[in-house]
Amino acid sequence: MPESPELLIAICVYNEMENLPWLYEQLRALPLELSIVVVDDNSPDGTGDWCDETAARDDGFFVIHREGKLGLGSASLAAFRFAIERDFRYVLMMDGDRSHAPSDVPDVHAKLLEDPENQIAIGSRYVPGGRIENWPWMRHVMSRCINGFSRVMIGLPISDYSSAFRCYRVELLCRIDLKKVSATGYAYLEELLWHAGKQGARIVEQPIVFVDRVKGSSKINHKEAIRAVWIVFRIGLSRLFGKNR
């Protein structure tokens, strides 16, 4: 494996010992030169220990240990800073619970390779060819409402604002003041797109099939959805009144 591949796969986890080893093997089987970083929020199920053991035998695998469960947003920002500090060219974020198929990684990454003007590629559930499997109807409703609300308030031509399966050009992340991303949880997904849009970033979407987790428990709850709505609402107000956030 080359000493410095351009692509970093970043996975933010809490209690994913049932899923992470499988995901690691699938990623390593891809026909891509890549490194992997796992941000672990002090999982009590042994995830952190497994990461340390894997890092000891794979020099392209890294782990960031955090003191506790601090949220997806802050974990993702830690991964972004790692990618910037290590001079990666691309960082691809994906969930550690098997909801994002490793087989979709090459296609999402390829959206940035095919055009140098593309700066964020979203693995989208809501473009032709994308879909969701095994969700209860209420979660479908919540997701559709949040995405529709985000399109109105943020104003970018994106179908899937809340997808966490994304590939970024690190050069774009260097231009965004990451300290201004205030959301520590899932709402950072919409907020980061807002900041990227202010930088004139071209954002494209690649269809994926999202499959609800089979093992482990979901980290999403109604409080997270309410926080996302509130942050998107604040962004909409800033657009309406021309205030900088």
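Begin by selecting helices α1 and α2 in this predicted model: the axes of α1 (residues 20-28) and α2 come within 11 Å and cross at roughly 30 degrees, and because angles under 35 degrees count as roughly parallel, α1 and α2 are described as roughly parallel to each other. To see what joins them, show the side chains of Leu-20, Pro-21 and Tyr-24 on α1 together with Thr-47, Trp-50, Cys-51, Thr-54 and Arg-57 on α2, which make the contact.

**From the helix pair to the aromatic rings**

Keep Tyr-24 and Trp-50 on screen and add Phe-61, since these three residues form one aromatic cluster. The model has 7 aromatic pairs in total, and one of them is formed by Trp-50 and Phe-61, whose rings are edge-to-face, at 5.8 Å centre to centre and with 90 degrees between the planes. Trp-50 belongs to helix α2 (residues 47-57) and Phe-61 to strand β3 (residues 61-65), so this pair ties together parts that are 11 residues apart in sequence. Both partners are buried, Trp-50 with a relative accessible area of 10% and Phe-61 with a relative accessible area of 3%.

Next, select Phe-80 and Tyr-168, where the ring centres are 5.1 Å apart and the planes stand at 70 degrees, so that this pair, too, is edge-to-face. Here the link is between distant parts of the chain, with Phe-80 in helix α3 (residues 72-85) and Tyr-168 in strand β7 (residues 166-169), 88 residues apart. Phe-80 and Tyr-168 are both buried.

**Into the nonpolar cores**

Which residues touch the most other members of the largest nonpolar core? Of its 44 residues, they are Phe-80, Val-91, Met-93, Ile-120, Tyr-168, Tyr-188 and Leu-192, so colouring these brings the pair just visited back into view. Helix α3 gives the most to this core, with 7 residues.

Centre the view on Val-91 and, leaving aside its neighbours within four places in sequence, display its contacts, which are Leu-8, Ala-10, Phe-80, Ala-83, Arg-166, Cys-167, Tyr-168, Val-170 and Leu-173. Apart from the largest core lies another, of 26 residues, and Met-94, Val-108, Leu-112 and Phe-165 are among them.

**Charges over rings**

Two arginines are worth selecting together with their aromatic partners. Arg-86 lies over the face of Phe-62, at 5.0 Å from the ring centre, while Arg-125 lies over the face of Phe-210, at 5.5 Å from the ring centre.

**A strand residue and two loops**

Move to Ser-35, which has its place in strand β2 (residues 34-40) and counts as buried, at 4% relative accessibility. If you draw a distance from Ser-35 to Val-204, C-alpha to C-alpha, it spans 23 Å in space, for two residues that are 169 apart in sequence.

Finish with two asparagines, keeping in mind that most residues other than glycine have a negative phi. Asn-15, in the loop between β1 (7-13) and α1, has a positive phi, near 55 degrees, and at 28% relative accessibility Asn-15 counts as partly exposed. Asn-42, in the loop between β2 and α2, has a positive phi of about 60 degrees although it is not a glycine, and Asn-42 is partly exposed as well, with a relative accessible area of 46%.

Methods. Residues numbered from 1 in each chain as written. Predicted model: local features only at pLDDT ≥ 70, side-chain atom pairs only at ≥ 80, totals over all residues. Heavy atoms only, no water. Phe/Tyr/Trp six-rings, centres within 6.5 Å; stacked < 30°, edge-to-face > 60°. Helix = DSSP H or I, 4+ residues; strand = E, 2+ residues; numbered from the N terminus. Buried < 20%, exposed > 50% of the residue type's maximum accessible area, 1.4 Å probe, protein only. Lys NZ or Arg CZ within 6 Å of the ring centre and 35° of its normal. Core = buried A, V, L, I, M, F, W, Y, C linked by side-chain atoms within 4.5 Å. Contact = heavy atoms within 4.5 Å. Axes fitted to C-alpha atoms, helices over the stretch in contact; angles between N-to-C directions. Parallel < 35°, antiparallel > 145°, perpendicular 65-115°, else oblique.
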